[in-house]
Every structure is written in structure tokens, then in C-alpha cells.
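Please explain how the charged side chains of this protein pair with one another, and how two of its helices pack together.

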Amino acid sequence: MNYSQSIQKTISYIDANLSNKLSLDELSDIAGFSKYHFLRIFKHETGSRLSEHIQNRRMAQAAKLLLFTQQNILDIALTYRFESQEAFTRAFKKEYNLPPGRYRKAMSNLIHIKEVPDMGKNNLIPGWIITGTVPSEYSVDFDRDIFYKGTRSVRIKGESDNIDDEDYMTVMQQFKARDYIGKRIRFSVFIKTLDVEKWCGLWMRINSTTANIVKFDNMQNRPIKGTNDWNYYSVVLDIPESGNIINIGVLLNGTGTVWMDHVNFEIVDKNVETTDVDLSSELPEKPVNLSLEESNTDLQ
């Protein structure tokens, strides 16, 4: 019997109803199996228990709402059927290594420039945060067979069919900007890639005390794609007086594999050109339609 089609049908139903109550009776009926048999084949086909799968999908959708909307955290928690904001925060922090509010501040605008941390657990790379939109669909580990220098590299890998175009994984740090105010900083990494379908790159962002982005570069204007041998990449930013937090990281958007090695963060002189994105580049040069009379067609 072809169990895969029945389980996929159930998974599609779950994804379409994540904000609704989902019962075992309902889902086993959709799959066409007894409850016991359904639970057994679901675990066999997906590698996850049914309750874990539903929780992971709800958390993934909640993460996207945090990143791409201004919806408040309590409403997001209730939308995905958490009993309270506190329960949602505990579960989210366990999965994403950051509480929801800090995740939103740290990760917003990381990919989509146009869309205007208690560090959590991470015993793999002390001092670094491993997080993204769907952490359960990516893996981050040490690779002792492929490395640029030394004895190992860090590998970010995404191969799941559940990874969408908007999904990403990043290995990142946050630290105070105080000692770098007025300095020009270069964050550099040696990168190797395999079958990167969307893109990957280094990113550095400077936040003010009010969490506004004051400087930013994520290499999206010069992305690393496909398969590439070891190469040197860097981002360079000036740290302004208003800088409060420096965020750095390596990011994989979509599927593929990225190896990172020989990371460096250093002060450079002013002869080194900056790479920051002009956050005002898509704004008009002056006010438009102050009379409020022009149509959308007129403005195009």
C-alpha cells in the first residue's frame, strides 16, 4: 500500500489548518487509517511524531509572521494555539535559540531589504547563535573532511522539500558596538558551496539603541550561488555614533550546502571601501503627490 500519498495528503491538510484545532480522530480519518496505525506510519514516513510535526510547522509559520509582519507576539501565539505568550516564548526559544521579540529584532530585514539574545542553547559553536525560519529543516555541524585550514569547518545544509524560497538558516553573533564606534570594520569568511539554489552570503548589520538599522550589508547584491570552491568574501561597514549592536553571520537562503571557515573581524583603514547597502536607494528624491490628486497610473 502507498502510505506516502496518504501521509502527504494529511500533511497538506495540517499546513492549511495550523491555526485550527487538529485532532487525531480528524487526521486519521483523512489519512484513512486507524489512529494507532496512522501514528505509526506517520512517524515512519516523516521521521517525526505527529505532535512534533504540528508543533514545528506552527512554529515555522509563527517565525515568518514575526519577520514579515508587525503582528504582536501575543496574537501570533494565540493564532497558533499556544495557551499564553509565556508558553509560546518558551517553545520558540527552545527551537530558535532566541526569544520571539529578540528574534524579530535580530532577523528582520536580514534577507528582504525592501520589507521595512539570552543566547539560547548552542553547544556546537560557543558564542554563536544558530537560527533561521525553519531550523528543523536545516542542519548545522562541523565537517572534519572539508575545511579551508585547520582541522574542520562549519557546514550549513538544507535539503528538505519543506524549505521555501523565503526560508533561511544563519550562524550569527551579536555584540556591543561601543568599542568600534567611529571605526571601519571588515567581517570576512572563507566560503565553499554546493548546489546553493537561491543564494548565500555574509551579513553584517548595525542597530541603534532603538533597534533601527543604521548600517547593513547581506551580499544580496552580489550573492553566492551554485557550486563554488573555497573563496574569500567580506563585508565592510563604518560603525556610526548611533551604533549600539553589531550583528554578523553567514546565511543560507533556500536549499544547498555552505561551508564556512577562517572567520575574521577586524578594524581596517579608510582606504578599504565599504560595502553597505544604501537603505534609501529605493526612495524618491523628493516628496511626490502632495496635492493627493494624482492616480496610481500617474505615479508610475
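**Salt bridges and a helix pair**

In this predicted model, Arg222 and Asp217 form a salt bridge in which the closest N and O atoms are 2.6 Å apart. The two partners differ in their exposure to the surroundings: Asp217 is buried, at 0% relative accessibility, whereas Arg222 is partly exposed, with a relative accessible area of 30%. The value for Asp217 falls under the 20% limit for a buried residue, and that for Arg222 lies between the limits of 20% and 50%, so Arg222 counts as partly exposed.

The background to such pairs is simple. Side chains of opposite charge can pair when their charged atoms come close. Over the whole structure, a search finds 15 salt bridges, and several of them merit individual attention.

One of these joins two helices. The side chains of Arg57 and Asp15 meet in a salt bridge, with an N to O distance of 3.0 Å. Because Arg57 belongs to helix α4 and Asp15 to helix α1 (residues 3–16), the pair ties together parts that are 42 residues apart in sequence. Arg57 is buried, with a relative accessible area of 8%, while Asp15 is partly exposed, at 32% relative accessibility.

A further salt bridge joins two strands. Asp141 pairs with Arg155, and their closest N and O atoms are 2.9 Å apart. Asp141 lies in strand β2 (residues 138–143) and Arg155 in strand β3 (residues 153–158), so this pair ties together parts that are 14 residues apart in sequence. Asp141 is partly exposed, its relative accessible area being 25%.

Salt bridges may also be joined into a network. Lys64, Asp164 and Asp167 are linked in this manner.

Attention now returns to helix α4, which carries Arg57. How do helix α4 and helix α7 pack, and at what angle? Helix α4 (residues 50–68) and helix α7 (residues 100–107) pack at an angle of about 55°, and their axes are 9 Å apart. An angle of about 55° lies between the limit of 35 degrees for roughly parallel helices and that of 65 degrees for roughly perpendicular ones; α4 and α7 are therefore oblique to each other. The crossing in which α4 passes α7 is right-handed.

Which residues of α4 and α7 meet? On the α4 side they are Ala63, Leu65, Leu66 and Leu67, and on the α7 side Pro100, Tyr103, Arg104 and Met107. By class, this contact has seven nonpolar residues, one charged residue and no polar residues. The charged residue is Arg104 of α7, because Arg counts as charged.

Methods: Residues are numbered from 1 along each chain as its sequence is written. This is a predicted model: local features need pLDDT of at least 70, side-chain atom pairs count only at pLDDT 80 or more; totals for chains, interfaces and linings use all residues. Side-chain values use heavy atoms; hydrogens and water are left out. Axes are lines fitted to C-alpha atoms, for helices over the stretch in contact, and angles run from 0 to 180 degrees between N-to-C directions. Helices (H or I, at least four residues) and strands (E, at least two) are DSSP runs, numbered from the N terminus. Angles under 35 degrees count as roughly parallel, over 145 as roughly antiparallel, 65 to 115 as roughly perpendicular and the rest as oblique. A crossing is left-handed if the near helix is turned anticlockwise from the far one by less than a right angle, and right-handed if clockwise. Contact means heavy atoms within 4.5 Å. A salt bridge is a side-chain nitrogen of Lys or Arg within 4 Å of a carboxyl oxygen of Asp or Glu. Buried means under 20% relative accessible area, exposed over 50%, partly exposed in between (1.4 Å probe, protein chains only).
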